[in-house]
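User: Please take a close look at one part of this model for me. I would like to see what surrounds the second largest pocket and how the interior is built.

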Amino acid sequence: MSSEMKRLLIIDGMNTFIRNYVMSPQLDINGKPIGGLTGFMRSLQKEIRRAKPDRVVVAWEGPGGSQKRREKNKNYKVGRKAPKLNREYEFESPEEERENKYAQLVRLTEYLDRLPVIQMSLENVEADDIIAWLCSCNEYADWQKLIISSDRDFIQLCDDKTVLIRPGKNEEVLNKNRVLEQYDIHPRNFAWARAIVGDKSDNLDGVKGLGLKTVAKRFSFLSENKDYGLEDIMSHAKNNKNKIKAYQNVVENEEIIASNYEIMQLYTSTISQQGVQKLKYAIRNDGVTLNRSEIRTMLLKDGIGTLNIDELMLMLNSHKK
């Protein structure tokens with residue numbers, strides 16, 4: 001990969017915020033949790049220091065973002081359990097916790113508005129779809145794309161110019177070759193593999209008894225650098241259903257696999273032409289400049305004395321174009 005290739009850092013906004021909100025026990029001067037905000041800013045600082053990007057985009061889910069997928073499957077993202085928070089602070093009620101989380105999120109977007117960062121969201125569009133569009137749009141066709149998210153959905157986007165970084169205790173850095181080595185499934189067919197397996201985090205049932213390793217073994221052609229479809233998968237399963245039970249299970253769950261794929265796949269954009277024009281406008285009009293004094297005033301007002309913003313601002317100022 002050319003060292004002269006420009007680099008786009010794409011951050012899955014809510015994924016990064018929630019991860020920090022859950023893990024960081026930091027409190028502000030009033031004793032209220034502030035870890036989602038400060039943790040996000042530290043994560044941003046870490047990724048910019050590591051990637052040295054030419055541009056940074058934070059993608060957010062728009063209002064009603066899950067609606068289109070929920071119309072296809074009413075169980076999509078229903079019944080998600082709230083993660084256990086890593087802090088001693090106890091909220092008086094679920095309402096107080098929701099208010100605190102929302103206040104942190106709103107304040108975070110205000111900080112990002114004052115940094116040379118592009119924030120993107122569209123009504124009835126999930127962040128996943130915006131990120132997928134960024135990876136395929138003409139505006140960044142010749143750029144390297146680095147996606148920051150723990151979400152496995154983005155594995156399908158890995159190619160010669162797109163890398164997925166899945167933060168966490170056991171951080172994964174996945175490019176096309178690493179995906180093949182680790183999963184024995186090509187990224188361009190990864191959505192089919194996940195459609196067979198399902199996704200518990202999104203409340204999508206898969207074929208019982210099949211994990212990614214079994215799928216890679218039983219449908220080895222998914223490792224090829226070639227696009228396969230439902231017909232290929234079902235034909236292979238039907239030809240072998242009398243030999244191995246896994247194939248019979250796949251045949252019996254064709255509708256579930258097809259439905260899962262339609263929800264999970266990010267290869268084909270579902271963003272309207274009007275939505276695309278809004279995203280292109282955001283790219284063309286990236287005129288946000290660094291406002292050091294205003295950000296420092298905000299930090300003082302919020303009582304976040306432990307967050308050193310200087311290095312983050314310096315790096316953003318250096319790499320914003």
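Analyst: Helix 5, residues 127-136, contributes the most to the lining of the second largest pocket: five residues. This is a predicted model. In total, 21 residues line the pocket. Nearest its centre lie Gln-156, Leu-157, Cys-158, Asp-159 and Tyr-267. The lining is mixed, with eight nonpolar, eight polar and five charged residues. The volume of the pocket comes to about 320 Å³.

Helix 5 also matters for the count in the largest nonpolar core. That core holds 61 residues. Helix 5 supplies the largest share, seven residues. Leu-134, Ile-196, Phe-219 and Val-250 touch the most other members. Take Val-250. Beyond its neighbours within four places in sequence, Val-250 is in contact with Ile-196 and Phe-219. Its other contacts on that basis are Val-207, Leu-210, Ile-233, Met-234, Ala-237 and Ile-257.

A second core is separate and has 31 residues. Leu-9, Tyr-21, Leu-44 and Leu-112 are among its members.

Leu-112 leads to helix 4, where it is one of the buried residues. Also buried there are Glu-96, Asn-100, Gln-104, Leu-105, Arg-107, Leu-108 and Tyr-111. The helix covers residues 94-113, 20 in number. From first C-alpha to last it reaches 29 Å, close to the expected 28 Å. Its buried residues pack against helix 1 (13-23), helix 2 (35-51) and helix 13 (292-302). They also pack against strand 2 (55-59) and strand 3 (118-120).

Note on methods: Residues numbered from 1 in each chain as written. Predicted model: local features only at pLDDT ≥ 70, side-chain atom pairs only at ≥ 80, totals over all residues. Heavy atoms only, no water. Helix = DSSP H or I, 4+ residues; strand = E, 2+ residues; numbered from the N terminus. Expected span 1.5 Å × (residues − 1). Buried < 20%, exposed > 50% of the residue type's maximum accessible area, 1.4 Å probe, protein only. Contact = heavy atoms within 4.5 Å. 1 Å grid on protein atoms, 1.4 Å probe; cavity = no way out; pocket = protein on both sides within 12 Å on 5 of 7 lines; lining within 4 Å. Points joined across faces, edges and corners; volume = space filled by probe spheres on them. Nonpolar A, V, L, I, M, F, W, Y, C, P; charged D, E, K, R; others polar. Core = buried A, V, L, I, M, F, W, Y, C linked by side-chain atoms within 4.5 Å.
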